[in-house]
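Dear colleague,

Please find below the structure for your review, followed by a summary of what was found in it.

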Amino acid sequence: MGSFSMEDFVGNGALKAITSKLMEDGWDDVPTLKLMNAEDMNSLNMTQEQKDALEIRSYLHDRALMQYADHMEASRKCLPELLNLSMGDLSTHFGMKRGHVVRFMDRMTPRAVDPLSASAYLTPRKLTSEPLRNNSIYKTRPSSINSRGGPSMTRSSVKPSVAYDISIEQSMADFKIKDGHVFKGIVASLPAEPRACGCVQPPPVVDNVAPLSAIENVSVQKLTPEYKVGMERLVKSKTPPMKASELWRDKPAILLCLRRPGCIMCRAEAHQLYSRKPIFDAIGVQLFAVIHEHIEPEVKDFWPRYWGGGVVYDRGMAFFKALGGGKLLKDKFISGFLLNPQAIANYKKAKATGLEHNFKGEGEIKGGLFIVGRGKTGIAYQFIERNFGDWAPLPEVLDICNQLQNQQNQSESVKLSQKD
């Protein structure tokens, strides 16, 4: 998977000269830049060489082959010409490994996709009966994302083109909850796999979503802001501690709780989630990664290469305890990984992405994901990492986020009508 650093993405070729212009026009992060179409390129007066470079780099980024980007761009060939080269030519001219050649020539499906498509395997969880203002937003199955009733598409920096809007709606449609899908509730996890022929029992997971009170007053520290082109890799001046509720005071937020920033499975999950940033921007949802251990070099390696959203340090591990119903979810390496077929499968799928990784830091405390509504609305969704490397299914995550925006729009409409 390619880096989300704009500097890494544009390289030293034709796009470098217009980086500042891209930034001024709102194309200031890699996921958004990859959505650029011919109309957008023409409006920026991009040369044919720059258009070809963007097309090549976007294609390679999708397939985790960015190590060949500079060489391919320097060849002055366009993407169709490169795709028509033989396997031998790709290997000879660009030093491409055989497995990478196969990945490059597969035009149908990008390889940098979700290693886990797990929504079909989620087990139903109980819904809480507490009041809405103190807990969950949903008591019933949210409706699916659709282009007719979906959110209005806006961007803060520039007036979006029609093509940009269409590309966002098409991306949403790709993750639409299909007809007949049974929503698994607001607390979700993958099923427990038998371990060591049933001799080892997996740790239990909670059935009810955590109350908002479990996380809203937690003291956290922002280690990084949301990444923008030209920004320092890490903010040098330490920010003071803040209440976690400040993170979602004005906008809903996704909080991805990571076991270790250097873990290949955690990096792969963060990468695939942040790659949908334009969709989350369109529906007004922020992205934060939450870590429980601050090792500065690890944060620098993680942000913005694998994650361009904000990184938050939870010293007291309150978010991780909330996932476990008040106590940390932990698993040993032998019982939780070596004797767990699902965890091994998760590792192999993450390994296939080609990400770099390390084993620095504490790795037994399991993570998960929260979706928190704006202000005092409550926790809308909670995913628990039962097996090492489990991911929250994107269709359900996007479905919940879309519902949050719809609820906000309806609330604002009611307020306007009352004023009138």
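A residue counts as buried when its relative accessible area is under 20%. Because Cys-266 has a relative accessibility of 4%, it falls in the buried class. Please bear in mind that this is a predicted model.

On the cysteines, the structure contains zero disulfides. Cys-266 accordingly has no disulfide partner, and the nearest cysteine sulfur, belonging to Cys-263, lies 3.6 Å away. A disulfide would require the two sulfur atoms to be within 2.5 Å.

Turning to the interior, the largest nonpolar core comprises 81 residues. The members that touch the most others are Met-72, Phe-104, Ile-254, Phe-280, Trp-307, Leu-369 and Ile-371. Helix 11 (residues 264–274) supplies the largest share of this core, namely seven residues. Leaving aside residues up to four places away in sequence, Phe-280 touches Ile-254, Leu-273, Val-285, Leu-287, Val-397, Leu-398 and Cys-401. There is also a second, separate core of 30 residues, with Ile-186, Val-220, Phe-319 and Ile-384 among them.

Helix 11 also packs against another helix. Its axis and that of helix 16 (residues 341–351) come within 9 Å and cross at roughly 60°, which means that helix 11 is oblique to helix 16. The crossing of helix 11 past helix 16 is left-handed. On the side of helix 11, the contact involves Ile-264, Met-265 and Ala-268; helix 16 contributes Ala-343, Asn-346, Tyr-347, Ala-350 and Lys-351.

With kind regards

Methods:
Residues numbered from 1 in each chain as written. Predicted model: local features only at pLDDT ≥ 70, side-chain atom pairs only at ≥ 80, totals over all residues. Heavy atoms only, no water. Buried < 20%, exposed > 50% of the residue type's maximum accessible area, 1.4 Å probe, protein only. Core = buried A, V, L, I, M, F, W, Y, C linked by side-chain atoms within 4.5 Å. Helix = DSSP H or I, 4+ residues; strand = E, 2+ residues; numbered from the N terminus. Contact = heavy atoms within 4.5 Å. Axes fitted to C-alpha atoms, helices over the stretch in contact; angles between N-to-C directions. Parallel < 35°, antiparallel > 145°, perpendicular 65-115°, else oblique. Left-handed = near helix turned anticlockwise from the far one by under 90°.
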